Structures are given as C-alpha cells and as structure tokens.
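Reader: I am in my first year and would like to go through one structure slowly, with the reasoning behind each answer spelled out. Could we begin once the structure is in view?

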Amino acid sequence: MLEAEQVKIAVVGSLNMDYSVMLEKKPAAGETVLANNMMITPGGKGANQAYAAGRTGGSVQMIGRVGEDVNAKIIKDTLKEQCISIEGIRTDKENPTGMAIITLDDQAQNSIIVCPGANRCVTASETVETLERLPNLKIIMMQLEIPISCVEQTIDYANKHKIITFLDPAPVPREGLSDATYKMLDYISPNAIEAEMLSGIPVSDMDSARKAAGFFLKKGVKNVIIKLGGEGVYATDGLSEIMIPAIEIPVVDTTAAGDTFAGAFCTRLEKGDRFFDAVRYANYASGLSVAGKGAQKSMPSAEEIDQFMQHRAKGKEKA
C-alpha cells in the first residue's frame, strides 16, 4: 500500500460494480431479447481511471464512496492489486455500492446505465480533507458520476493549491459546466458526443473537433483532448495541435477505453512527458484495451504498452 507521501495522482470519482450483458442487438422499446453472455466486474469511471493509472505505473490514491456490501470489498481488493491506495474510499452505511448495467452489441458498441448508490453521497468536505493528507500530489483526476458540486469545489481546491486538474466530462450534466469551472481546468477530455453536448458543435472529424476545442479554449481550458473513437484523437494546447489515428486492432469491447486513455495519459504526464507525447502513449493504451472484454480486465500494463509500441515502430521501419 502506498504511503500518503508517495501519492502523486488522486482520482476523485465513482466506484461501481459493472454488470455487462452481451447481445446480438440491443432491444427496441417493448422488445425482449436473449443475451449471449454476462460478466460481473469492478468498474465506475473513477475506479477505472485509477486502475488504468496504477496499471501504467502511476502512484495513485482513489477517493470516493462505496456501500457496506460484498461489491465494495471486491472493488477495493481489485484496486489494491494494482498498488492503489484505498485510504480515500469511505464506507456509506445507508446506500449500496454503485452499479452500472452495460449492454454490448455485436458491433462492439456499448451503452451504459449507471445506478449511483453511494457515489451520490461523495462530498467536497471529505474529499478536501483527504487531499490535504497528500503532500506531494501533482494531479487530480475527475469525472461526473459524483455530485457536480463536489467536482467544482475539488477543482477550486486544486486551482488554489496549484495542482494539475484533469476532467473527463462524463456523463454530461444537463446544465453543462460553469464558466468558473472551465477557467480552472488544465485538461478536459470529452469524447465526440460529450464535446458536442457541451459546445453545441457536432463533432466527427479533425475540422469539427478543432472547432469544438476552440469553444473550450475560449472558456479558459488550457489543453483540450477530444476522443473520436475509430477516427482517432485530436488534441490542442491552443498553439499547436495533433490528430492521431486510432490504433488498428480488432475491436472486442470498447467499454472503458476512454478511462484507459485518461489513466495512461495522467500517469505519463506525472512522469514528465510533454502533452502530445502523453496523448500518443494514451492512444496506444486505449487502443490495446478494446482488444479484450470488460473494463479493468482489458486495461494493458505499462510493459504491454511499451512492447506494443516497439512492435509497431519496428513494423514501420520494415515498411
């Protein structure tokens, strides 16, 4: 278990148990379909990102809430396997551990329904109390499966203490994000749908991603990453930009590909990589993750990513 002084990345977010159902096709309204298979695995955007960061070599503490149930123990034990500190996870005696119902069709596309449970009760006061016990913290990662008020106050705390902030804005709240929040963000990383919901600009390729990124930059965000699925990843710091093609690999399950990207990106950022280099690395990590089933189970290790990158580089040399 990491000591408080060793923690460099704090993930403030959700912890769920995922119930993944494999279908030939998703049911229409009123239709009943039979599933091909089902998996029950630890998940939640917060826990997934913490797991991915730990898996790629990050020194991570998870901050959030679980219920007083069996799912909570499984989730915490799984995080500990990656040497992630669980000192910031509190037990809620009134609400169950959150869960997610994931449907995955034959095209490897997923849809997710989240039942927040204890995640709804994560507070800014308990989060800040935990953060203050981490003297060498460099990055705080956040998503939006916990109360938005907690996220906003955590970002404010990070801004005042000069800690790097990374936000994966999912799920997008109906009211969007406040201007004050945008101004304090160092990194925002929506997918194409989330970028459109927040900016009002349909996103499908580099040109439209550039326009949507312009919205975030004007709001005061310092760096923007927009994940375009099969089209790749667009990133900009307002001065330079890159468009990285998606990794060509057979797709089995896209669940948590974005979380894998986030965890790998923040680990490399904490290790000292430049922005675009960290994006490239995270793109490889995310690409590898879709070749396996499940969320955390499919996330590659640092060694696996390095080997894959070396193999790809050798292939290009021969070509």
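Author: Two residues are in contact when heavy atoms of theirs lie within 4.5 Å. The model we are looking at is a predicted one.

Reader: Which residues does Glu270 touch, not counting residues up to four places away in sequence?

Author: Glu270 belongs to helix 8, and its relative accessibility of 10% makes it count as buried, because buried means under 20% relative accessible area. Once residues up to four places away in sequence are not counted, the residues that Glu270 touches are Lys8, Ile9, Lys138 and Ile139.

Reader: At what angle do the axes of helix 8 and helix 9 cross?

Author: Helix 8 covers residues 257-270 and helix 9 covers residues 275-289, and their axes come within 8 Å of each other. The crossing of helix 8 and helix 9 is right-handed. As for the angle between the two axes, it is roughly 145°.

Reader: How many residues of each class, nonpolar, polar and charged, does the contact of helix 8 with helix 9 have?

Author: On the side of helix 8 the contact is made by residues including Phe261, Phe265 and Arg268, while helix 9 contributes, among them, Phe275, Val279 and Tyr281. Sorted by class, the residues in the contact of helix 8 with helix 9 are 11 nonpolar, four polar and one charged.

Reader: Is Thr260 buried or exposed?

Author: Thr260 has its place in helix 8, and when its neighbours within four places in sequence are left aside, it is in contact with Ala52, Ala285, Ser286, Ser289, Met299 and Pro300. The relative accessibility of Thr260 is 3%, and the cut-off for a buried residue is under 20%, so Thr260 counts as buried.

Reader: How far apart are the end C-alpha atoms of helix 9, and how many of its residues are buried?

Author: Helix 9 has 15 residues and, at 1.5 Å a residue, should span 21 Å, because the expected span is 1.5 Å times one less than the number of residues. The end C-alpha atoms of helix 9 are in fact 21 Å apart, which agrees with that expectation. Helix 9 is also mostly covered, and of its 15 residues the number buried is 13.

Reader: How many residues apart in sequence are the parts that the salt bridge of Glu126 with Arg65 ties together?

Author: The closest N and O atoms of Glu126 and Arg65 are 2.9 Å apart, and a salt bridge needs such a pair within 4 Å. Glu126 lies in helix 3 (residues 124-131) and Arg65 in strand 4 (residues 60-67), so the pair ties together parts of the chain that are distant by 61 residues in sequence. Glu126 and Arg65 are both buried, and the separation you asked for is 61 residues.

Reader: Which residue meets Glu129 in a salt bridge, and in which strand does that partner lie?

Author: Glu129 is partly exposed, with a relative accessible area of 41%, and its partner is partly exposed too, with a relative accessible area of 26%. The two side chains meet at 3.6 Å, N to O. Glu129 lies in helix 3 and the partner in strand 5 (residues 85-92), so the pair ties together parts that are 39 residues apart in sequence, and that partner in strand 5 is Arg90.

Reader: Which residues are joined into one network by salt bridges that share partners?

Author: Asp168 forms a salt bridge with Lys227, with 3.7 Å between the closest N and O atoms. This pair links distant parts of the chain, since Asp168 sits in the loop between strand 9 and helix 5, whereas Lys227 is in strand 11, 59 residues apart. Both Asp168 and Lys227 are buried, and the network made by salt bridges that share partners joins Lys45, Asp168, Lys227 and Asp259.

Reader: What is the phi of Lys162, and is Lys162 buried or exposed?

Author: Lys162 is found in the loop between helix 4 and strand 9, and its relative accessible area is 78%. Exposed means over 50%, so Lys162 is exposed. Although Lys162 is not a glycine, its phi is positive, at about 55°.

Conventions. Residues are numbered from 1 along each chain as its sequence is written. This is a predicted model: local features need pLDDT of at least 70, side-chain atom pairs count only at pLDDT 80 or more; totals for chains, interfaces and linings use all residues. Side-chain values use heavy atoms; hydrogens and water are left out. Axes are lines fitted to C-alpha atoms, for helices over the stretch in contact, and angles run from 0 to 180 degrees between N-to-C directions. Helices (H or I, at least four residues) and strands (E, at least two) are DSSP runs, numbered from the N terminus. A crossing is left-handed if the near helix is turned anticlockwise from the far one by less than a right angle, and right-handed if clockwise. Ala, Val, Leu, Ile, Met, Phe, Trp, Tyr, Cys and Pro count as nonpolar, Asp, Glu, Lys and Arg as charged, and the others, Gly among them, as polar. Buried means under 20% relative accessible area, exposed over 50%, partly exposed in between (1.4 Å probe, protein chains only).
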